[in-house]
Amino acid sequence: MLSVNGKLEIMDRQTEYVLRSVAEHDVQFIRLWFTDVLGFLKSVAISPAELESALAEGIGFDGSAIEGFARIFEADMIAHPDTASFQILPWRKNAPTARMFCDILMPDGSPALSDPRNVLKRAMNRAADMGFTFYLHPEIEFFLFREPVIPGEVPTPLDAGGYFDHTIMDEGTEFRSVAIEMLEQLGISVEFSHHEGAPGQHEIDLRYADALTMSDNIMTFRVVLKEVAAQQGIHASFMPKPFTDQPGSGMHTHMSLFEGDTNAFYDAADEVRLSKIGKHFVAGLLAHAREITAVTNQWVNSYKRLNWGGEAPNYVSWGRSNRSALVRVPLFKPQKASSARIEYRCLDSATNPYLAFALLLNAGLDGIERELPLPDESEDDVWSFSERERQAMGIENLPRSLGSAIDLMEKSELVADTLGEHVFDYFLRNKKAEFDAYRSQVTRHELATMLGRV
């Protein structure tokens, strides 16, 4: 089959590749993956005999059983595999298994408004209409704990290492080696890996890709790390801040817009090598940062990381060498146009990447469309200023709790338009319930500081 733009021909070639690969590798199960609104992975397995039908028509399921997907009277939904995401899972040796991510459709074939992947696709289409492709490069931090990990109890870190510590093939180093090998087998390129600042904390950086591919890669990354940990008898966690006295796990994300093969953020004549488009994009991120934080940092625990300090930003500012800034303009290779990018630093590694990246993209595009001016650069550590000094400089703080973040999100036209009514309403209701449950709990801190005194 051919079409004017060749898309059907490409789709047919990819379908043929999937069917041939399943036969050649004796694949016994194909797992169809998608995420709910909060970013938890869902999966249904089909046999090779059902694959051709699934590729043509999708697989029907009850959407009302998935968090945030549908009300009971509109439950029928279809998971349609994206053949471009086909990969064979390297840890399924005895029963070869492949996976594909799915787009969620309604029975009439239209995209489901509740599908996080569709939310990101809408934002990417907006960027494409403006001539841009959105690329991302995340630095994903995580913790490794010794088993058993008991809910409610403080976990035991796998190691006592610190930032960039070189260790001689300890358990953490071996873990990263095996995980990276699996990621590479899945077509996910890794750029760096190292020990992070807290005991048991590690980081793996993924090589840049377009926003949809990267979101799929992040979801796969989480599965791979959990699988490798289980094989080694340890526990991998993306909890933003498991320890009171140690840094939390972030996902500093580098972003760039390309017009064809040209980096739209680069200007060789500018002092910070950032073009007008890049500056407007940063201005858009800063203008909308507070109202999108409920999504970029969606858990009550996320705000323990942001409030702790260190390299977790809590103020809306930008800078170059300033790692306390929310947005940083790295200058690693100032003469290389393709490397021009900006880094958004408040994201944590437990976010729903589809929703978070859609909001970051639309915030930046809004800055471009409205030609928002870039505020003055924060050259010094923002944490060192007094509250009065920050106010005089026009530097606002990010929300200090999930409750505050929800209040700001609820008033945001940009978040409502980006997520769509269905996802927006469900996300708000879910997060309000989470925060209400959290603030009614009596904590160990309260018991330790008050029980014997009042």
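**Exercise 1.** In this predicted model, find which residues of helix 5 meet which residues of helix 8, then work out how the two helices are oriented.

*Solution.* Start with the contacts. On the helix 5 side you should find A211, L212, S215, D216, I218, M219 and R222, and their partners in helix 8 are P353, Y354 and F357. Next, fit the axes: those of helix 5 (residues 211-232) and helix 8 come within 9 Å and cross at roughly 150°. Angles over 145 degrees count as roughly antiparallel, so helix 5 is roughly antiparallel to helix 8. Finally, check the hand: the crossing is right-handed.

**Exercise 2.** Describe helix 8 from end to end, and decide how far the rest of the structure encloses it.

*Solution.* Begin with its span. Helix 8 covers residues 353-369, and its 17 residues reach 24 Å from first to last C-alpha, close to the expected 24 Å. At its start, a side-chain oxygen of N352 comes within 3.1 Å of the backbone nitrogen of Y354. After the helix comes E371, with a positive phi near 50°. As for enclosure, 16 of the 17 residues are buried, so helix 8 is largely enclosed by the rest of the structure.

**Exercise 3.** Locate S412, classify it as buried or exposed, and list its polar partners.

*Solution.* S412 sits in the loop between helix 10 (402-410) and helix 11 (413-439). Its relative accessibility is 6%; buried means under 20%, so S412 counts as buried. Now follow its side chain: the backbone nitrogen of L414 is at 3.4 Å, and that of V415 lies 3.0 Å from a polar side-chain atom of S412. Leaving out residues up to four places away in sequence, S412 touches E291 and F424.

Notes. Residues numbered from 1 in each chain as written. Predicted model: local features only at pLDDT ≥ 70, side-chain atom pairs only at ≥ 80, totals over all residues. Heavy atoms only, no water. Helix = DSSP H or I, 4+ residues; strand = E, 2+ residues; numbered from the N terminus. Expected span 1.5 Å × (residues − 1). Buried < 20%, exposed > 50% of the residue type's maximum accessible area, 1.4 Å probe, protein only. Polar contact = N/O pair within 3.5 Å; in protein donor to acceptor, adjacent residues only side chain to side chain. Axes fitted to C-alpha atoms, helices over the stretch in contact; angles between N-to-C directions. Parallel < 35°, antiparallel > 145°, perpendicular 65-115°, else oblique. Left-handed = near helix turned anticlockwise from the far one by under 90°. Contact = heavy atoms within 4.5 Å.
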